[in-house]
Amino acid sequence: MKVGLGHDTHRLVDGRSLILAGLRIEHDKGLAGHSDADVVLHAVIDALLGAAGLGDIGDAFPDDDPANLNADSVLFLQATMARLYVKGYKLINVDIVIHAQEPKLGPVKTLLRENLATLLGLSVDHVNVKAKTGEHVGHIGRGEAIACHAVVLLDDGDYPGSQTL
Ligand code: MG
C-alpha cells in the first residue's frame, strides 16, 4: 500500500466560475488560476502523484503551458489516473477536506462526493468529502481563497492477494 498527500489553494476572484470536484458551484466568485482552478481535483491529483512517487501537478501540467490555459482539470485527473493504472496501481480510497468560508459547502457536499467518486471510478463509500470554514480568520476565513487537502491510498499490487487493474 502507498499513501499520498495533496494540498492546493486558489484565490477567490470576481469574474470566474467556481469549479469544485469537476462541478460548477453557484457563487458570485470563482477561483483564479491558469486552468479552471479546480482546487479539489488539483489536491487529489497531487495526492495520487505523491502516492505513486511521480512528483507533483506542476511537473505534470505546468501552469506556463498554453495548452493548460483554462483547461478542464477533469482531463488532468484522467491523465494522472491513466499513468497510475499503467504502473499497476489500484486506487483504494480518497479522503478530502475543503476549506472555504464561502460559499457554504454543506448543501453541495454530497454532490461533490458523488461526482468525485464517479470521476475516480470508486464507490461513494470509498470517497469522503469534509468541508470546513476558516472561522473568519486568515485568508480562508476572510473569503479570499479556497483550499483543499487530500489523502489517497493506493494498492501497489506487490503483496499477495492484491488485485491489479
Ligand atoms: Mg491548483
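A crossing of two helices is left-handed if the near helix is turned anticlockwise from the far one by less than a right angle, and right-handed if clockwise. With that in hand, the helices of this predicted model can be taken in turn. Helix α1 passes α3 in a left-handed crossing, whereas the crossing of α1 and α4 is right-handed.

Two packed helices are described by the angle between their axes and the distance between the axes. For α1 and α3, which spans residues 73-86, the angle is about 15° and the axes lie 10 Å apart. Angles under 35 degrees count as roughly parallel, and α1 and α3 are therefore roughly parallel to each other. The side of α1 that takes part is made up of L41, H42, V44, I45, L48, L49 and A52. Across from these residues, α3 brings in S73, V74, F76, L77, T80, M81, R83 and L84.

The pairing with α4 looks like this. Here α1 packs at an angle of about 40°, and the two axes are 12 Å apart. That makes α1 oblique to α4. On the α1 side the residues in contact are V40, L41, V44 and L48, and they meet L116, L119 and L120 in α4.

Helix α1 also has a part in the metal site. Which residues hold the magnesium ion? Its protein donors are D8, through OD, H10, through NE2, and H42, through ND1, at 2.0 to 2.3 Å from the ion. Along the chain, these donors follow the spacing D-x1-H-x31-H. Distant parts of the chain are linked in this way, with D8 sitting in strand β1 (residues 2-13) and H42 in helix α1 (residues 39-52), 34 residues apart.

Are D8 and H42 buried or exposed? The cut-off for buried is under 20% relative accessible area. D8 has a relative accessibility of 17%, so it counts as buried. H42 comes in at 7%, so H42 counts as buried too.

H42 is worth a second look, as it turns up in several places. Besides being a magnesium donor, H42 is one of the α1 residues that meet α3. Its side chain is joined to that of S73 by a polar contact of 2.8 Å, and S73 is itself among the α3 residues that meet α1. Leaving aside residues up to four places away in sequence, H42 touches D8, H10, S35, D36, A37, I57, S73 and F76. That list includes D8 and H10, the other two donors of the ion.

Another residue that touches H10 is A32, found in the loop between β4 (30-31) and α1. The C-alpha atoms of A32 and H10 are 6.1 Å apart in space, while the two residues are 22 apart in sequence. A32 also touches R11, V13, R16 and A37, again not counting residues up to four places away in sequence. With a relative accessibility of 16%, A32 counts as buried. A37 is on the contact list of A32 and on that of H42 as well.

The loops hold some further details. S123 lies in the loop between α4 (109-120) and β6 (127-132). At a relative accessible area of 37%, S123 is partly exposed. Its side chain makes a polar contact of 2.5 Å with the side chain of D125. The C-alpha atoms of S123 and I92 are separated by 9.9 Å, with their positions 31 residues apart along the chain.

What about the backbone? Most residues other than glycine have a negative phi, and most peptide bonds are trans. Against that background, the peptide bond from E102 to P103 is cis, with omega near -10°. P103 belongs to the loop between β5 (90-99) and α4.

Which residues have a positive phi although they are not glycine? N70 is one of them, with a phi of about 55°, and E135 is another, with a phi of about 50°. N70 sits in the loop between α2 (57-60) and α3, and E135 in the loop between β6 and α5 (138-141). How much of each is open to the outside follows from the relative accessibility: at 51%, N70 counts as exposed, and at 61%, E135 counts as exposed too.

How values were computed
Residues numbered from 1 in each chain as written. Predicted model: local features only at pLDDT ≥ 70, side-chain atom pairs only at ≥ 80, totals over all residues. Heavy atoms only, no water. Donors = N, O, S within 2.8 Å, 3.2 Å for Na, K, Ca; no water. Helix = DSSP H or I, 4+ residues; strand = E, 2+ residues; numbered from the N terminus. Buried < 20%, exposed > 50% of the residue type's maximum accessible area, 1.4 Å probe, protein only. Polar contact = N/O pair within 3.5 Å; in protein donor to acceptor, adjacent residues only side chain to side chain. Contact = heavy atoms within 4.5 Å. Axes fitted to C-alpha atoms, helices over the stretch in contact; angles between N-to-C directions. Parallel < 35°, antiparallel > 145°, perpendicular 65-115°, else oblique.
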